[in-house]
Amino acid sequence: MASRALAIHRRAAPRFFSFFSPSRRLSVGSCFDATVAYGEGARDTGLYGFPVLKTAKGFRRFVDDAIERSGELVSYVSQLPPSMEVIRVMDEISNTVCSVIDSAELCRNTHPDREYVEEANKASMRIHEYLHFLNTNYSLYNAVIKAELEGNLITEEAQRAAQTLRIDFEKGGIHLCAEKLERVNQLNMEIALLGRQFNENIITDPGFVDIFPASRIPKHMQPHFKPIYRPIPTASEESMDRQDRKKEKGFRIATDSSTLSSVLKWVSDAEVRKQSYIKGNSTPQANLDVLDKLISARHELAENLKHFRRSIVPASENIEKSIMGCKSYAEFAIRPNMAASPDVVMSFLLDLSKTVRKKADEEFKIIKDFKRRFCNERSADLEPWDEAYFTGMMKSSTYDLDSLVISSYFSLSQCLEGLKLLVESLFGATFHRIPVAPGESWHPDVVKLSLHHPQEGDLGFLYLDLYSRKGKYPGCAHFAIRGGRRVSETEYQLPIVALVCNFPGSPGSSTSRLNHWDVETLFHEFGHALHSLLSRTDYQHFSGTRVVLDLAETPSNLFEYYAWDYRVLRTFARHDTTGEVIPKKLVAAMNGARNMFVATEFQRQIFYSLMDLTLFGEQPATPRDTISVVADLKKQHTSWNHVEGTHWHTRFNHLINYGAGYYSYLYARCFAATIWQEICCEHPLSHCTGSAIRTKFLQHGGAKDPSDLLKELAGNSVIRNCSHGIVPDTSSLLKEIGF
């Protein structure tokens, strides 16, 4: 059940921490001096440019300083009259505290030094505990309410910030009695710990299978697996000296998602694929219990937060509706989004499921018939471990594709040049490599870039950590380190982000070739990075990807289109030995192969979304067995069998990062398809196209209503209303994939 969306994007945590939620950044004028860390001629510094992080134990001081500075700002805001200054100071508190959270998050996922990782973990837990104090502080809450009602907030963004602040405080339970509020705080901490345990289990328990003999593994894959040996039994074994016994060579295959994907695609031995599939989709076993506890904790959280004490907040029907009546965690999570309700999402997903079912069933039959012909077995069943192998074979034979030939046009260095050319063409800005100050980087492979505009100056900074290594976050992700914010009329705090991937090879290595799946992933993550770097919001709370969840993946999905368009690829995709530009015929074949089983992949994404929505939906009196729930949904909404004993969802980390929000990927695909057709398709590289994307969408981050952003960019038809919520128009996407 591999999907490119499985480990694509690490967003900020859900905003149950009110305005003080990851990811937010430090501010000039606080105890963290960003100008020293990132100004011209920066000298010795600490990790990510924070001088306090010169050693791992610096994280302790980092937390202490953030708490001290935040305390000063809390005292200050409590004395302010209702005004714009209240909102600005609240944003500075958030900025200060979340610089610790985001730095710790990146560190614990990427740093090779275990001491740094452990200190980052401790810092993260300490600062999250402090967040509970901030998010239950009545003086801050009352200051926000007064600012919203009486503060003469003169900008739309300030008004939106005040409203978001107030709602987020209420979502955090500030309206509850002391006993219930304490329980909510306990649940939030429990949920955070369970999420961390879920992800750690995926990394530490990938599972493995031992395959004998070694000849069952293709020779080109053997160097990637650990060789193992076992004695060969013989008739005279008892009389033989142990050293004289013959040994048979085999391989131990780890069944982490990445390795499993390769095995399922390339290994011809069906039994090896079967063993690998079952083991890989049955680990980690411990996450069954973790997930049960997470579902229970999230449901209890939503149940607790539905209670309301009217005396704490001004009489307002809108305020009451914003926090009343959550029957499930899904309702609690989706209510702030464009969809507004699980019922709206469910209707959207069921409609899509019905639309794609017939074509998906037809594709299933085509694959099954091909297997039967290939294996010369008239009654052979098509199993889940067959899909990648046979669809890959069919795509290659139909379009005469060779993955090694394709990857020869996509060296990582050329792909990075392509992204630089794309940004310059669209936005008139250029990426420049700049020196990393001593102590700033966490690994020698890390590269730092500045994004510079000839008229506007530097727009932001980007760290690239692109190569795989042991102990590193296993997927590809965009990490925010600092959000953009307006400090004064003449000064803007520039955003800083990191793009983390796990590509093969090392800097300068001739083996750093990407398959096109990786190219698409790189462009996807780059879309997130550009969203952060090009936004220009007054408040870092709205900077870049800090938008409602069902809008967040739109820029990244839009930039995937650029990875498939020949007009873009010909600008950088060159053969790594001959320098030949990638042939147009080859790109056409790649696109043809991509669309061969599009209904099957689309159906899979619908199933993922339905599973996520159902697990965190209304709970029965007796807790449900998640394996049975997922198996039933698979049978109902896909053409494929569920394999007894497997529970692939225990390594589906989007249940943690996007609980009840995975549908957002399908929303984003629909929005991106419409934007591509309406804005980009005719002239994808023109400055006019880039200007529209930047000025009407990217630069606003979350500071404007998301539906207004979409309509201003792509026209009113990009969305439609559905039972008090908003769903995407699906016509562009369905037309694109042949429905």
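The protein chain holds 28 helices and 12 strands in what is a predicted model. Of the 739 residues in the chain, 59% are buried. Among contacts between residues at least 6 apart in sequence, 76% link residues at least 24 apart.

A good place to begin a tour is the interior. The largest nonpolar core has 133 residues, and Phe410, Leu462 and Tyr562 are the ones that touch the most other members. Helix H25, residues 664-680, gives the most to this core, contributing 10 residues. Apart from it lies another core, of 61 residues, with Val86, Cys107, Ala161 and Leu165 among them. As for the surroundings of phenylalanine 410, leaving out residues up to four places away in sequence, this residue touches Cys415, Ser512, Arg513, Leu514, His516, Val519, Leu569, Phe572, Ala573, Ile582 and Met590.

Serine 408 sits in the loop between helix H15 (403-407) and helix H16 (412-427). Its relative accessibility is 4%, and since buried means under 20%, serine 408 counts as buried. Once neighbours within four places in sequence are set aside, serine 408 is in contact with Arg513, Arg574, His575 and Asp576. With histidine 575 there is a polar contact between the two side chains, at 3.4 Å. Arg513 thus appears in the contact lists of both serine 408 and phenylalanine 410.

Glutamate 520 offers another example of a buried polar side chain to look at. This residue belongs to helix H17, which covers residues 516-534, and its relative accessibility of 7% places glutamate 520 in the buried class. The side chain of glutamate 520 makes a polar contact of 2.8 Å with that of tryptophan 564. The C-alpha atom of glutamate 520 is also 8.5 Å from that of phenylalanine 559, a residue 39 positions away along the chain.

Among the helices, H3 (residues 84-110) invites a simple check of length. At 1.5 Å a residue, its 27 residues should span 39 Å, and the end C-alpha atoms lie 38 Å apart, so the two values agree. H3 nevertheless has a kink of about 30°, centred on cysteine 98. Most of this helix is covered, with 24 of its 27 residues buried.

The strands can be followed in two groups. In one, strand E3 (residues 247-254) pairs with strand E1 (residues 208-211) in the antiparallel sense through 4 bridges. Within that pairing, valine 209 stands opposite isoleucine 253 of E3. E3 also runs antiparallel to strand E2 (residues 226-231), to which 6 bridges join it. Here lysine 226 has arginine 252 of E3 as its bridge partner.

In the other group, strand E5 (residues 447-453) is joined to strand E4 (residues 430-434) by 5 bridges, again with an antiparallel arrangement. Histidine 432 has serine 450 in E5 as its bridge partner. E5 further pairs with strand E6 (residues 457-467), also antiparallel, over 7 bridges, and a hairpin of 3 residues connects E5 to E6. Leucine 451 and glycine 460 are bridge partners across this pairing, with glycine 460 in E6. Because 6 of the 7 residues of E5 are buried, this strand is largely enclosed by the rest of the structure.

Several loops carry backbone features that merit a look in the viewer. The peptide bond joining phenylalanine 212 and proline 213 is cis, with omega about -10°, and proline 213 lies in the loop between E1 and E2. Another cis peptide bond runs from threonine 283 to proline 284, with omega near -5°. Proline 284 is located in the loop between helix H9 (270-280) and helix H10 (286-304).

Positive phi values occur on either side of helix H13 (342-375). In the loop between helix H12 (329-334) and H13, alanine 340 has phi near 75°, a positive value in a residue other than glycine. With a relative accessible area of 23%, alanine 340 is partly exposed. Asparagine 376, in the loop between H13 and helix H14 (387-399), is likewise a residue other than glycine with positive phi, near 55°. Its relative accessible area is 71%, so asparagine 376 is exposed.

Methods: Residues numbered from 1 in each chain as written. Predicted model: local features only at pLDDT ≥ 70, side-chain atom pairs only at ≥ 80, totals over all residues. Heavy atoms only, no water. Buried < 20%, exposed > 50% of the residue type's maximum accessible area, 1.4 Å probe, protein only. Polar contact = N/O pair within 3.5 Å; in protein donor to acceptor, adjacent residues only side chain to side chain. Expected span 1.5 Å × (residues − 1). Bend = angle between axes of the 7 residues up to and from the residue. Pairing = 2+ DSSP bridges. Core = buried A, V, L, I, M, F, W, Y, C linked by side-chain atoms within 4.5 Å. Contact = heavy atoms within 4.5 Å.
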